[in-house]
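This report concerns a single protein chain. The sequence and the structure are shown first.

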Amino acid sequence: MTWRTLLPFLPLLAGCSGSDAVNGYEPTAIYPPRNDLLVVNLTQVAPPTNAVASARGKLDDSIADLGSRGGEVITPARLTS
């Protein structure tokens, strides 16, 4: 057999490694802490204004604005484990 014969079957071997991954996650992997806002409560949120709703590229700003409209957002740095 030549490598050209095996070439079509190489994609089937993807992910077949001898790693110690548990459920697809490497147990020694370290992920950076989150720094985006977490939405905790939306029960009292007023609908957005047209300016906020139609602003392209302003998703983070519109989430931060939820607090001033009756919602509750927190930063992950304020959470304790």
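The sections below treat the model and its confidence, the fold, the salt bridges, and selected residues.

## Model and confidence

The structure is a predicted model. Across the protein chain the mean pLDDT is 77, and 72% of the residues reach 70 or more. Confidence is not uniform along the elements: helix H2 (residues 50–53) has the lowest value, a mean of 62, while strand S2 (residues 72–74) has the highest, at 90.

## Fold and surface

Three helices and two strands make up the secondary structure of the protein chain. Read from the N terminus, the order of these elements is α-β-α-α-β.

The chain has 81 residues, and buried residues account for 9% of them. The exposed surface of the chain comes to about 7,200 Å², of which 59% is supplied by carbon and sulfur atoms. When contacts between residues at least 6 apart in sequence are considered, 67% of them join residues at least 24 apart.

## Salt bridges

How many salt bridges does the structure hold? There are three. As a general matter, side chains of opposite charge can pair when their charged atoms come close.

One of the salt bridges joins the side chains of Asp-36 and Arg-34, with an N to O distance of 2.7 Å. Asp-36 is partly exposed, at a relative accessible area of 34%. Arg-34 has a relative accessibility of 52% and therefore counts as exposed, the cut-off being over 50%.

Another salt bridge links Asp-61 with Lys-58, where the closest N and O atoms lie 3.9 Å apart. This pair counts as a salt bridge because the cut-off is within 4 Å. Both partners are partly exposed: Asp-61 has a relative accessible area of 47%, and Lys-58 has one of 41%.

## The pair Asp-65 and Arg-69

Asp-65 and Arg-69 also form a salt bridge, their closest N and O atoms being 3.0 Å apart. The two side chains are likewise joined by a polar contact of 3.0 Å. In position, Arg-69 belongs to the loop between H3 and S2.

Is Arg-69 buried or exposed? With a relative accessibility of 17%, Arg-69 counts as buried, because the cut-off for that class is under 20%. Its partner Asp-65, by contrast, is partly exposed, with a relative accessible area of 23%.

## Residues of helix H3

Helix H3 spans residues 59–64 and includes Ile-63. The relative accessible area of Ile-63 is 22%, so this residue is classed as partly exposed rather than buried, the latter requiring a value under 20%. Which residues does Ile-63 contact, leaving aside its neighbours within four places in sequence? They are Leu-37, Val-39 and Val-73. Ile-63 can also be related to Leu-38: the two are 25 residues apart in sequence, and their C-alpha atoms are 8.7 Å apart in space.

Asp-60 is likewise placed in helix H3. Its relative accessible area is 59%, which means that Asp-60 is exposed. The C-alpha atoms of Asp-60 and Asp-36 are separated by 8.1 Å in space, and the two residues by 24 positions in sequence. Asp-36 is the residue that meets Arg-34 in a salt bridge.

Conventions: Residues numbered from 1 in each chain as written. Predicted model: local features only at pLDDT ≥ 70, side-chain atom pairs only at ≥ 80, totals over all residues. Heavy atoms only, no water. Buried < 20%, exposed > 50% of the residue type's maximum accessible area, 1.4 Å probe, protein only. Helix = DSSP H or I, 4+ residues; strand = E, 2+ residues; numbered from the N terminus. Contact = heavy atoms within 4.5 Å. pLDDT = per-residue confidence, 0-100. Areas by Shrake-Rupley, 256 points an atom, 1.4 Å probe, with all protein chains shown as cover. Polar contact = N/O pair within 3.5 Å; in protein donor to acceptor, adjacent residues only side chain to side chain.
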